[in-house]
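Visitor: I am new to this structure and would like to learn how to read its features one by one. May we begin with a single residue and work outward from there?

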Amino acid sequence: MNPQILFLLILLLNLISLSISLQNPNPKPPNPTPSLAHVELTNYGFPVGLLPATTVLSHAVNQTSGEFTVNLGGACKITLPPDNYVATYSNTIRGKIVKGRIAELDGIRVRAMFRWWSITGIRSSGDDIVFEVGMVTAKYPSKNFDVSPPCEGKRSSS
């Protein structure tokens, strides 16, 4: 084989392999423009990914008591990272929020150990998010919640 053609062929193969190695093997889907409720979460020290990437019809926070409501316009099922737990969000989510803590949470359930559990509170603790299910807690890196997960399947209005 002609040495010049061999050189060009090797150069072309190297460029192709370099191009492939520079591509991100796990690209994240683009995060849609966050709603005001998503932005409000960040004001209290939480990542936007605690709420699904769905249309928030309305939200309200009482600045004195911290009581809040979020109306998603329909129930939503998502998969929570990193352990792929299935979670459901009710049409309306309620609770009390202060900097770094959500308490008296109602409207988010997670399936674990063959059973559905209500998430009753969430804390932001440094680089971690701590989920409370009654007296039991589970801690995950908050970076796992930097992107709002999409609702899966058909949404209902329940």
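Guide: Certainly. Please bear in mind that this is a predicted model. Let us start with methionine 113, which has a relative accessible area of 69% and is therefore exposed, since exposed means over 50%.

Visitor: Where along the chain is methionine 113 found?

Guide: Methionine 113 sits in the loop between S5 and strand S6 (115-118).

Visitor: What should I note about the phi of methionine 113?

Guide: Most residues other than glycine have a negative phi. Methionine 113, however, has a positive phi, near 50 degrees. Phenylalanine 114 also has a positive value, with phi near 60 degrees. Phenylalanine 114 is placed in the loop between S5 and S6, and its relative accessible area of 80% makes it exposed.

Visitor: How many helices and strands does the protein chain have, and in what order do they run?

Guide: The secondary structure comprises two helices and ten strands. Read from the N terminus, the order is α-α-β-β-β-β-β-β-β-β-β-β. Of the 158 residues of the chain, 31% count as buried. The chain exposes about 10100 Å², and carbon and sulfur atoms supply 59% of that area.

Visitor: Which residues have the most contacts inside the largest nonpolar core?

Guide: They are Phe46, Ile93 and Ile122, in a core of 27 residues. The elements that give two or more residues to this core are helix H2 (36-43), strand S2 (67-71), strand S3 (75-80), strand S4 (85-98), strand S5 (101-112) and strand S8 (128-133).

Visitor: What does phenylalanine 46 touch?

Guide: Leaving aside residues up to four places away in sequence, the residues that phenylalanine 46 touches include Leu41, Ile97, Ile102, Ile122 and Ile129. Gly100, Arg101, Arg123 and Ser124 are also among them.

Visitor: How much of the contact in the chain is between residues far apart in sequence?

Guide: Among contacts with a separation of 6 or more, 42% are between residues 24 or more positions apart.

Visitor: How many disulfides does the structure hold, and which cysteines are joined?

Guide: A disulfide is a covalent bond between the sulfur atoms of two cysteines. The structure holds one, and it joins cysteine 76 to cysteine 151 with an S to S distance of 1.9 Å. The pair links distant parts of the chain, 75 residues apart: cysteine 76 is in strand S3, while cysteine 151 is in the loop between strand S9 (136-141) and strand S10 (152-156).

Visitor: Is this disulfide left-handed or right-handed, and is cysteine 76 buried or exposed?

Guide: The torsion about the S-S bond is about -115 degrees, so the disulfide is left-handed. Cysteine 76 has 3% relative accessibility and therefore counts as buried.

Visitor: Which residues does proline 52 touch?

Guide: Both cysteines of the disulfide appear there: not counting residues up to four places away in sequence, proline 52 touches His38, Leu72, Cys76, Ile78, Tyr89, Ser148, Pro149 and Cys151. Proline 52 lies in the loop between H2 and S1, and at 0% relative accessibility it counts as buried. Proline 52 and proline 150 are 98 residues apart in sequence, yet their C-alpha atoms are 5.7 Å apart in space.

Visitor: How many cavities of 30 Å³ or more are there, and what lines the largest cavity?

Guide: Rolling a probe the size of a water molecule over the atoms shows where empty space is left. The structure holds two cavities of 30 Å³ or more, and about 200 Å³ of space lies in the largest cavity. Its lining has 18 residues, of which Leu41, Leu51, Phe68, Val70 and Ile102 are the closest to the centre. H2, strand S1 (58-61), S2, S4 and S5 are the elements that give two or more residues to this lining.

Visitor: Which element gives the most to the lining of the largest pocket?

Guide: That element is S9, with four residues. S5, S8 and S9 each supply at least two residues of the lining. The largest pocket holds about 330 Å³ of space and is lined by 15 residues, with Tyr85, Val110, Ala112, Val133 and Ala138 nearest its centre.

Technical notes. Residues numbered from 1 in each chain as written. Predicted model: local features only at pLDDT ≥ 70, side-chain atom pairs only at ≥ 80, totals over all residues. Heavy atoms only, no water. Core = buried A, V, L, I, M, F, W, Y, C linked by side-chain atoms within 4.5 Å. Buried < 20%, exposed > 50% of the residue type's maximum accessible area, 1.4 Å probe, protein only. Contact = heavy atoms within 4.5 Å. Disulfide = S-S within 2.5 Å. Areas by Shrake-Rupley, 256 points an atom, 1.4 Å probe, with all protein chains shown as cover. 1 Å grid on protein atoms, 1.4 Å probe; cavity = no way out; pocket = protein on both sides within 12 Å on 5 of 7 lines; lining within 4 Å. Points joined across faces, edges and corners; volume = space filled by probe spheres on them.
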